[in-house]
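Visitor: I would like a close look at a single part of this model, with its surroundings described carefully enough that I can follow them residue by residue. Where would you begin, and what lies around that place?

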Amino acid sequence: MQYIIGAYASAPSLTSNDKSLETQFYNKLIKSIPQIQGLEIPFFGDDIHQFGSDFLFNFIKPEWGNVLTCIPGTMLNLEKNPKFGLASDDVLGRKEAIAMHARVNNILHTMNEKYGKKSIIAVQIASAPSMSVTGVSSSTDSLLKSLDEILRWDWGGAKIIIEHCDKFIPMQPFEKGFLSIENEIDTLLKISSSYNVGITINWARSAIEGKNVVRPLEHIKLALEYNFLSGLIFSGVSISDRNYGSWKDNHMPFSKSYNVKHYEKNSLLSHENILKTLNLLDINNLDYLGIKILAMPLSEINIEKRVGLNKDAIYILDNILEELN
């Protein structure tokens, strides 16, 4: 089995400006995980890496099929303008989001030209903004307008996928607080006959929404019911943890399975919960399956640990998939 690796979440560049450390990390990661299908590549608003896009180009293999995620750029823009987003009812906020996705489209074509092939298999977008801020509103109508606009562009064969994040629920703590998966599916149903679209589920983000381990299963079942499930990314979360917090979107590593060396004991991403999740679907029907994990504390730059967390997570998934077969 091959996997999409959200390597940027465990890369030293989250807190370090040392290019040599970043180089060590990517070289060791790629060597340690031969099962890499491609990377989940973050779009930060202009570039796909803190050191510039060309830096990451040095590590991406021409044969890979990668995924671009627009979440980092979306969150950075929301810090400046809480009305930013493809689902925003604010004209300027939606216009800014459209403009950012035009830059995503440009980087996609740059990569395809560089590698001489379809380098990006999927582009993950988000149904921002959150309605938690006074004066901010979002809707399926606005999301539909945005999708209808950006889907007219040439995406080089890449599938446009909504990356579901936890929805906004009044009086409940949240991390992203975007549209519900039901609203996202309703929007996709209106355009799916004309465009190649889908949904990706991040395990932790669905668990954060429900404050339980059942919500990811519910979201997967719903996406499968409408034939929209395109991707599944395993990130962990905790009810309570000193480093990773309580129901925080901090991409917590897996808990211990098969006696692996690198894990987080308080993670809800246990063997049992992974097994229950994968048992719901046929992975051959997915466009991709992957992981995205963060090494805490951020101040600890330990390349072996950062690579080891990714390597052991893949080892766990490989073994669970073997059990299912």
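**A covered helix and its surroundings**

Guide: In this predicted model, helix α7, which runs over residues 203–210, is mostly covered, since 8 of its 8 residues are buried. The buried residues of α7 are W203, A204, R205, S206, A207, I208, E209 and G210, and the elements that cover them include the helices α3 (71–80), α8 and α9 (271–278) together with the strands β5, β6 and β7 (229–234).

One of those covering strands, β6, holds N202, and this residue can be followed in its own right. N202 counts as buried because its relative accessibility is 2%, where the cut-off for that word is under 20%. Once its neighbours within four places in sequence are left aside, N202 is in contact with I233, S235 and K292.

Two of the strands that help to cover α7, namely β5 and β6, also appear around helix α6, where the cover of the buried residues includes α5, β5 (159–164), β6 (197–202) and α8 (215–225). In α6, which spans residues 181–189, the buried residues are I181, E184, I185, T187 and L188. Seen down the axis of α6, these buried residues fall within an arc of 160°, so they line one face of the helix. The general background is that an α-helix has 3.6 residues a turn, so residues three or four places apart point the same way.

The packing of α6 with α8 can be described further, for their axes come within 11 Å and cross at roughly 15°. That angle makes α6 roughly parallel to α8, because angles under 35 degrees count as such, and the crossing of the two helices is right-handed. In this contact, I181, E182 and I185 of α6 meet H219, L222 and A223 of α8, and the residues involved divide into 4 nonpolar, 1 polar and 1 charged. Of the α6 residues named here, I181 and I185 are also listed among the buried residues of that helix.

Helix α5, which is included in the cover of α6, has a packing partner of its own in α4. Helix α4 (residues 91–115) and helix α5 (residues 140–150) pack at an angle of about 30°, and their axes lie 11 Å apart. The two helices are therefore roughly parallel to each other, and their crossing is right-handed. From α4 the contact draws on R94, I98 and H101, while α5 contributes S142, K145, S146, E149 and I150; taken together, the residues of this contact divide into 2 nonpolar, 3 polar and 3 charged.

To return to the cover of α7, which includes α9, another residue worth following is E323, placed in helix α10 (residues 303–324). E323 is partly exposed, with a relative accessible area of 43%, and, not counting residues up to four places away in sequence, E323 touches Y258, H271 and L275. The C-alpha atoms of E323 and L275 are separated by 8.8 Å, although the two residues are 48 residues apart along the chain.

A last residue to follow is I5 in strand β1 (residues 3–5), which is buried with a relative accessible area of 0%. Apart from its neighbours within four places in sequence, I5 is in contact with L29, I36, G38, L39, E40, I291, N310 and I314. The C-alpha atoms of I5 and L289, which are 284 residues apart along the chain, are separated by 8.9 Å.

Methods. Residues are numbered from 1 along each chain as its sequence is written. This is a predicted model: local features need pLDDT of at least 70, side-chain atom pairs count only at pLDDT 80 or more; totals for chains, interfaces and linings use all residues. Side-chain values use heavy atoms; hydrogens and water are left out. Axes are lines fitted to C-alpha atoms, for helices over the stretch in contact, and angles run from 0 to 180 degrees between N-to-C directions. Helices (H or I, at least four residues) and strands (E, at least two) are DSSP runs, numbered from the N terminus. Angles under 35 degrees count as roughly parallel, over 145 as roughly antiparallel, 65 to 115 as roughly perpendicular and the rest as oblique. A crossing is left-handed if the near helix is turned anticlockwise from the far one by less than a right angle, and right-handed if clockwise. Contact means heavy atoms within 4.5 Å. Ala, Val, Leu, Ile, Met, Phe, Trp, Tyr, Cys and Pro count as nonpolar, Asp, Glu, Lys and Arg as charged, and the others, Gly among them, as polar. Buried means under 20% relative accessible area, exposed over 50%, partly exposed in between (1.4 Å probe, protein chains only). The arc is that of the directions from the helix axis to the C-beta atoms.
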